[in-house]
Amino acid sequence: MGEPLRVGIVGAGKISGAYLDTLERLEDITLTAVTDLDQDRAATAAARVPGAAVVGSVDKLVARRDVDAVLNLTIPAVHADVALAALAAGKHVYGEKPLAATRAEADRMLAAAEAGGLRIGCAPDTVLGTGVQTARRAVDDGLIGTPVAATAFMTTAGHERWHPDPEFYYRRGGGPLLDMGPYYLSALVHLLGPVITVTGAGSRPRAEREIGSGPRAGERFAVEVDTHVTGVLRHANGALTTLVMSFDVQAARLPRIEVHGTGASLSVPDPNGFDGTVELHRGAGEWEALPVTAGYVGAGRGTGLADLAESLAGGRPHRASAELARHVLDIMLTLLDSAREGRALPVESCCVRPVPVRH
């Protein structure tokens, strides 16, 4: 492998702990620096890795000679700003989803990376775990016949019930679609390929939300985005996906993802996780659990960054790519455009299905 990829983290909020759990056990990645608007949070994160420095700003972190790549864990509204600063400093970038808040921001990021000969990776990397990858192999191996349709449901009463600072989920770049949609749509592109048209509808039943936990419990804040979004997606292979993303459902018994073909149906585990049981129903009898046949075993947040590090060393494309994330962002924004305009719209972007993770 050669020398480990030296990584600096921008943003030491709640999700950073999950990344650090993974990075601490990866030999091909070394955490060298952390910065956050809250220096105490940055110090807490850096303390988990001996030798990691606390840095006072993004500009100072991206200028460091011991940072090869920036792990961007900031809020969605500033994903592009941080990524562009890192790229301008000659650093690779791996960021939390979504890739950016707008198509224009995403395009500037991709152009900057291409001009500098740099890589951009983007969450979710959950699709690289054994759950989605085993399901993908079942589809690719023809176990369901020709894919016909899929369903994808993410329903919850809202993140303000558990998150102590939930406002960003309800501002530009947030909402159930942009927050949770990347998990489901990335999985669907792995399973069925790119999307070519969408028809959407959305609603915003409450103008305000109330924080339900933490020191700010009881505070109210404004809602600026649709909190219930539904749509129909047409994939390039002809399959149709029905999608529901909601922060307005109190309880449900809906599956996460199912894929239906001419010969069988497939139940896919939660794409917000890395593993889980994949089940197949052949049209008669019972659902049968499929053995694990693909995916990174024991994966966690940061596996996509590790895949990027391996790809740099091996000279191959990385799987949690900016091209996939750009297409997923385009699907989501086009779905919201469709909801506003009340008509079906084409998805202008495309991408190649990432190379599968095979055992």
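**Pockets, cavities and helix H2**

Q: Which element gives the largest share of the lining of the largest pocket?
A: H7 does, with four residues. The model is a predicted one. Besides H7, the elements that give two or more residues to this lining are H2 and helix H4 (79-88), with H7 itself spanning 175-192.

Q: What makes a residue part of the lining of the largest pocket?
A: A lining residue must have an atom within 4 Å of a pocket point. For the largest pocket, 41 residues line the space, and Gly13, Leu73, Thr74, Ile75 and Phe168 lie nearest its centre. The pocket holds about 1,100 Å³ of space.

Q: How many residues of each class are in the lining of the largest pocket?
A: Gly counts as polar, while Leu, Ile and Phe count as nonpolar. Under that scheme the lining has 18 nonpolar, 13 polar and ten charged residues.

Q: Why are Ala42, Ala45 and Ala46 called buried?
A: The word applies under 20% relative accessible area. In helix H2 (residues 39-46), the buried residues are Ala42, Ala45 and Ala46. Seen down the axis of H2, they fall within an arc of 95°, so they line one face of the helix.

Q: Why can residues three or four places apart in an α-helix point the same way?
A: An α-helix has 3.6 residues a turn, so residues at that spacing point the same way.

Q: What do the buried residues of H2 pack against?
A: They pack against helix H1 (16-23), strand E2 (29-35) and strand E3 (53-54). The face of H2 turned away from the buried side carries Asp40 and Thr44, which are exposed.

Q: What makes Asp38 a cap of H2?
A: A side-chain oxygen of Asp38 lies 2.9 Å from the backbone nitrogen of Asp40, at the N-terminal end of the helix. The limit for a polar contact is 3.5 Å between N or O atoms, and the pair at 2.9 Å therefore satisfies that limit.

Q: Which residues lie nearest the centre of the second largest pocket?
A: Pro317, His318, Ser321, Ala322 and Glu323 do, out of a lining of 19 residues. The volume of this pocket is about 380 Å³. Helix H5 (103-116) and helix H9 (322-341) each supply at least two lining residues, and H5 has the largest share, four residues. By class, the lining divides into twelve nonpolar, two polar and five charged residues.

Q: Why is a space called a cavity and not a pocket?
A: In a cavity a 1.4 Å probe fits but cannot get out, whereas a pocket is an open set of points. Two cavities of 30 Å³ or more are counted here. The largest cavity has a volume of about 90 Å³, and Cys122, Ala123, Pro124, Ser186 and Ala325 are the closest to its centre among 16 lining residues.

Q: What makes up the lining of the largest cavity?
A: It has 13 nonpolar, two polar and one charged residues. H9 gives the most, five residues, and H7 and H9 each supply at least two.

Q: Which residues line the second largest cavity?
A: They are Asn72, His79, Ala83, Val93, Gly95, Glu96, Leu99, Met109, Ile120 and Gly121. H4, strand E5 (92-95) and strand E6 (120-122) each supply at least two of the lining residues. The volume is about 40 Å³, and the lining has five nonpolar, four polar and one charged residues.

Methods. Residues numbered from 1 in each chain as written. Predicted model: local features only at pLDDT ≥ 70, side-chain atom pairs only at ≥ 80, totals over all residues. Heavy atoms only, no water. Buried < 20%, exposed > 50% of the residue type's maximum accessible area, 1.4 Å probe, protein only. Arc of directions from axis to C-beta. Contact = heavy atoms within 4.5 Å. Polar contact = N/O pair within 3.5 Å; in protein donor to acceptor, adjacent residues only side chain to side chain. 1 Å grid on protein atoms, 1.4 Å probe; cavity = no way out; pocket = protein on both sides within 12 Å on 5 of 7 lines; lining within 4 Å. Points joined across faces, edges and corners; volume = space filled by probe spheres on them.
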